[in-house]
Amino acid sequence: MDQSDVGDDLANILLTEEQLRERLSELASRIDADYAGKDLLLVGVLKGAIMVMADLARHLHSSVTMDWMAVSSYGSGTKSSGVVRILKDLDSDLTGRHVLIVEDIIDSGLTLSWLVSNLRSRGPASVEVAAMLRKPDAAKVDVDVRYVGFEIPNEFVVGYGLDYDEKYRNLPFVATLAPHVYGG
């Protein structure tokens, strides 16, 4: 899927496929160095982090274990509902493990803050966060994010796993969604 497949649904491309790939390679190098010799568990947050998790794991040179969690605080709109629900929990025991939460985007930080707290309560050796995108202007709570791909403006974005109403996830880049699509 590319820009021509979505007509005028996109306002502009913020990050190209090449920029995303280069930044993931840089983050993977840091993660490899930071976790050398450690048992690292990547925890991907479904559904949005699928692309980031897959590409990040492929850039790593160390062996890692992967697991998935689905949490939700969004409906079909563009704003958080504020209530977090676990839709799919981890299959892995976190006791004594080094956990790296892999996120697609951090908006308000409310869901991520809850998730970090939840996972820390399960007895891991450490819990850190890697996020491809962060919107500093949208933050409602301060969440310590060890690895950040890009900081972006507080606009509604799609592509590279990010969706609007389950559409646009398979775009290979990150773009702002045109306001006429979501009534913004």
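In what follows, a salt bridge is a side-chain nitrogen of Lys or Arg within 4 Å of a carboxyl oxygen of Asp or Glu. On that definition, a search of the whole structure returns 15 salt bridges. Please keep in mind throughout that this is a predicted model.

Before turning to individual pairs, I shall describe the chain as a whole. The protein chain contains four helices and nine strands. Their order along the sequence is β-α-β-α-β-β-β-α-β-β-β-β-α. The C-alpha trace spans about 50 × 35 × 25 Å along its principal axes. For 184 residues, a compact globule would be expected to have a radius of gyration near 16 Å, and the protein chain, at 16 Å, agrees with that.

Next, burial and contacts. Of the 184 residues, 47% are buried. Among contacts with a separation of 6 or more, 65% are made by residues 24 or more positions apart. The accessible surface of the protein chain is about 8900 Å², and carbon and sulfur atoms contribute 47% of that surface.

Let me now come to charge. The protein chain carries 18 positive and 28 negative charges, and the mean positions of these two sets lie 5 Å apart. As a general matter, side chains of opposite charge can pair when their charged atoms come close. I have chosen three of the pairs for discussion.

The first example is Asp-89 with Arg-122, whose side chains form a salt bridge at 3.0 Å, N to O. Which parts of the chain does this pair link? Asp-89 sits in the loop between strand 4 (80–88) and strand 5 (98–106), while Arg-122 sits in the loop between helix 3 (110–120) and strand 6 (126–134); the two are 33 residues apart, and the pair links distant parts of the chain. Asp-89 has a relative accessible area of 34%, and because this falls between 20% and 50%, Asp-89 is classed as partly exposed. Arg-122, with a relative accessible area of 24%, is likewise partly exposed.

The second example is Arg-134 with Glu-151, a salt bridge of 2.6 Å, N to O. Arg-134 belongs to strand 6 and Glu-151 to strand 7 (residues 147–151), so this salt bridge ties together parts that are 17 residues apart in sequence. Arg-134 is partly exposed, at 23% relative accessibility.

The third example is Arg-169 with Glu-166, where the side chains meet at 3.2 Å, N to O. Is Arg-169 buried or exposed? Its relative accessible area is 17%, and Arg-169 is therefore buried, since the cut-off is under 20%. Glu-166, by contrast, is partly exposed at 46%. The pair is also part of a network: salt bridges with shared partners join Lys-47, Asp-163, Glu-166 and Arg-169.

Lys-47 brings me to the backbone. Most residues other than glycine have a negative phi, and most peptide bonds are trans. The bond joining Leu-46 and Lys-47 is a cis peptide bond, with omega at about -5 degrees. Lys-47 itself is located in the loop between strand 2 (40–46) and helix 2 (50–59).

What of phi? Tyr-160 is not a glycine, yet its phi is positive, at about 50 degrees. Tyr-160 lies in the loop between strand 8 (157–158) and strand 9 (174–177), and it is buried, with a relative accessible area of 7%. Tyr-168 also has a positive phi, near 80 degrees, and is a residue other than glycine. Tyr-168 is placed in the loop between strand 8 and strand 9. Its relative accessible area is 8%, which means that Tyr-168 is buried.

I shall close with Gly-161, which is found in the loop between strand 8 and strand 9. Gly-161 is buried, at 2% relative accessibility. Which residues does Gly-161 touch, not counting those up to four places away in sequence? The contacts are with Gly-48, Met-51 and Arg-169. Arg-169 is the residue that pairs with Glu-166 and takes part in the network with Lys-47 and Asp-163. As a final distance, the C-alpha atoms of Gly-161 and Ala-175 are 11 Å apart, and these two residues are separated by 14 residues along the chain.

Methods:
Residues are numbered from 1 along each chain as its sequence is written. This is a predicted model: local features need pLDDT of at least 70, side-chain atom pairs count only at pLDDT 80 or more; totals for chains, interfaces and linings use all residues. Side-chain values use heavy atoms; hydrogens and water are left out. The radius of gyration is taken over C-alpha atoms; the globule rule is 2.2 Å times the number of residues to the power 0.38. Buried means under 20% relative accessible area, exposed over 50%, partly exposed in between (1.4 Å probe, protein chains only). Contact means heavy atoms within 4.5 Å. Accessible areas come from the Shrake-Rupley method with a 1.4 Å probe; for residues, only the protein chains shown count as cover. Lys and Arg count as positive and Asp and Glu as negative; His and the chain ends are not counted. The place of a charge is taken as NZ of Lys, CZ of Arg, CG of Asp or CD of Glu.
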